[in-house]
Amino acid sequence: MRWSQRPARVRAPATSANLGPGFDALGLALALYDEVEARVTGGGLAIEVSGEGSETAAAGEQHLVVRAMRAAFGAMGVQPPGIALRCVNAIPHGRGLGSSAAAVCCGLLAARALAAPGGQVAAADPAVPDGAALSDEAVFRLAAALEGHPDNVAACLAGGLTIAWSPRPVPVAAAGAGTPAGAAPGPRLLRIAVPGTLRAVACVPSVPLATEAARQALPPAVPHADAAANAARSGLLVAALTGAPQVLFEATEDFLHQPYRTDLMPETAGLLDALRREGAAAVVSGAGPAVLVLSFDGQPPSPGAVGSIAGKTGTPWDVIPLRIDQQGAHVQQGGLHVHPPVSARHAPTWNQGAPWDRTRGRARISREYLGVTGPASCMTHRQQVEGMTWAHLVLS
């Protein structure tokens with residue numbers, strides 16, 4: 001096996017899934033990043049983690065990035081003699097911002113780059129020997145399998161707004177050559193371009209919530225009327241995010257999961273209610289407990305207004321304005337960007353009376369770190385989406 005002699009450096013964005021009514025389907029990539037540097041060594045496993053989740057460095061083979069790398073190497077039929085891994089994390093853990101999806105995507109892309117020097121995507125077959133890389137489709141399927149659902153990893157890999165779904169098993173009468181009857185095709189994704197004027201504000205609490213606990217709060221069935229209402233809202237949300245901002249508030253109303261999680265995260269429910277009473281298009285981010293507010297340039301509320309509303313709840317919230325990531329997870333050139341810790345436990349929050357100060361705490365996030373490369377007016381929408389990979393329907 002010919003391993004890459006250079007480290008693989010991967011950058012993956014935070015993601016917010018569901019976006020209100022798009023339960024287990026919609027995902028949005030946010031310009032807040034985890035970064036990984038991995039290299040092949042002569043033996044053993046060495047892990048260094050800074051920023052969020054620094055305690056996970058002791059997890060060894062159970063570290064999620066390592067598990068993803070092992071899965072990718074296994075799919076390619078190889079395993080390196082040793083791995084040295086360095087993680088610089090900025091995505092809060094256990095808050096509903098896709099930290100596990102970012103870890104999985106970083107691991108898969110790092111392994112692909114190490115096993116295929118130059119990062120060439122050589123084949124669609126997920127088991128290609130001797131240095132040929134996993135295809136994008138194979139990476140997505142592995143990521144969805146490791147994550148347990150495809151919505152976060154779809155947005156993390158593709159960037160922008162994504163719709164992910166899993167087709168039903170193939171009926172016997174419809175099975176064709178190469179597709180066994182009863183087999184379920186792999187998950188699919190569709191990337192949809194969103195205007196460069198779309199913005200998000202994340203309200204992150206200091207206490208995490210396990211995704212599994214949030215899922216256990218959901219009922220096994222919902223009323224048909226609620227399902228119908230949600231179907232309408234999810235279609236409206238795609239329209240709102242891609243060109244009809246005037247319906248964004250109504251489009252973010254949910255009937256399937258947010259109401260059932262109120263008792264599990266009352267502070268989140270309280271902030272969500274307060275924001276929506278003020279006309280903000282606010283949703284629970286993923287499984288929570290973070291809250292995401294969506295808006296377009298020139299459309300209220302401003303980050304300051306969101307912070308003011310959060311400050312009246314009596315609960316500490318870290319309020320973070322974010323751009324939409326349009327690129328998705330990718331192997332990057334150069335070294336890792338070492339960012340200041342961004343944990344809500346250590347950063348000033350709006351409800352503590354701290355102004356938005358880019359020189360302290362999480363507010364020190366640079367313009368480049370937020371994905372801002374220049375004034376918004378200097379970049380056309382076409383320039384923002386040109387050259388992106390994953391901008392296609394992933395077929396089985």
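Partly exposed, for the residues below, means a relative accessible area between the buried limit of under 20% and the exposed limit of over 50%. Keep in mind that this is a predicted model.

**Exercise 1.** Work out which exposure class Arg70 and its salt-bridge partner Glu61 fall into.

*Solution.* Start with the contact: the closest N and O atoms of Glu61 and Arg70 are 2.8 Å apart, and the cut-off is 4 Å. Next, take Arg70: its relative accessibility is 23%, so it counts as partly exposed. Then Glu61: at 35%, Glu61 is partly exposed too.

**Exercise 2.** Find where along the chain the partners of the Arg9 and Glu37 salt bridge sit, and classify Glu37.

*Solution.* First, the N to O distance is 2.7 Å. Arg9 belongs to strand 1 (residues 8-18) and Glu37 to strand 2 (residues 22-41), so the pair, 28 residues apart, links distant parts of the chain. Finally, Glu37 has a relative accessible area of 17%, so it is buried.

**Exercise 3.** Explain the spacing of Arg141 and Glu137.

*Solution.* These two form a salt bridge, with closest N and O atoms 2.8 Å apart. Both sit in helix 3 (residues 136-147), and because they are 4 residues apart, about one helical turn separates them.

**Exercise 4.** Lay out the open sheet and place helix 9 on it.

*Solution.* Write down the strand order, 8-9-7-10, with antiparallel pairing. The edges are strand 8 (281-284) and strand 10 (317-323). Strand 7 (residues 198-205) joins strand 10 through 7 bridges, and Cys203 stands opposite Val319. Now add helix 9 (residues 303-311): it lies across strand 7, strand 9 and strand 10, at about 160° to strand 10.

Definitions and conventions
Residues are numbered from 1 along each chain as its sequence is written. This is a predicted model: local features need pLDDT of at least 70, side-chain atom pairs count only at pLDDT 80 or more; totals for chains, interfaces and linings use all residues. Side-chain values use heavy atoms; hydrogens and water are left out. Two strands pair if DSSP finds at least two bridges between them. Helices (H or I, at least four residues) and strands (E, at least two) are DSSP runs, numbered from the N terminus. Contact means heavy atoms within 4.5 Å. Axes are lines fitted to C-alpha atoms, for helices over the stretch in contact, and angles run from 0 to 180 degrees between N-to-C directions. A salt bridge is a side-chain nitrogen of Lys or Arg within 4 Å of a carboxyl oxygen of Asp or Glu. Buried means under 20% relative accessible area, exposed over 50%, partly exposed in between (1.4 Å probe, protein chains only).
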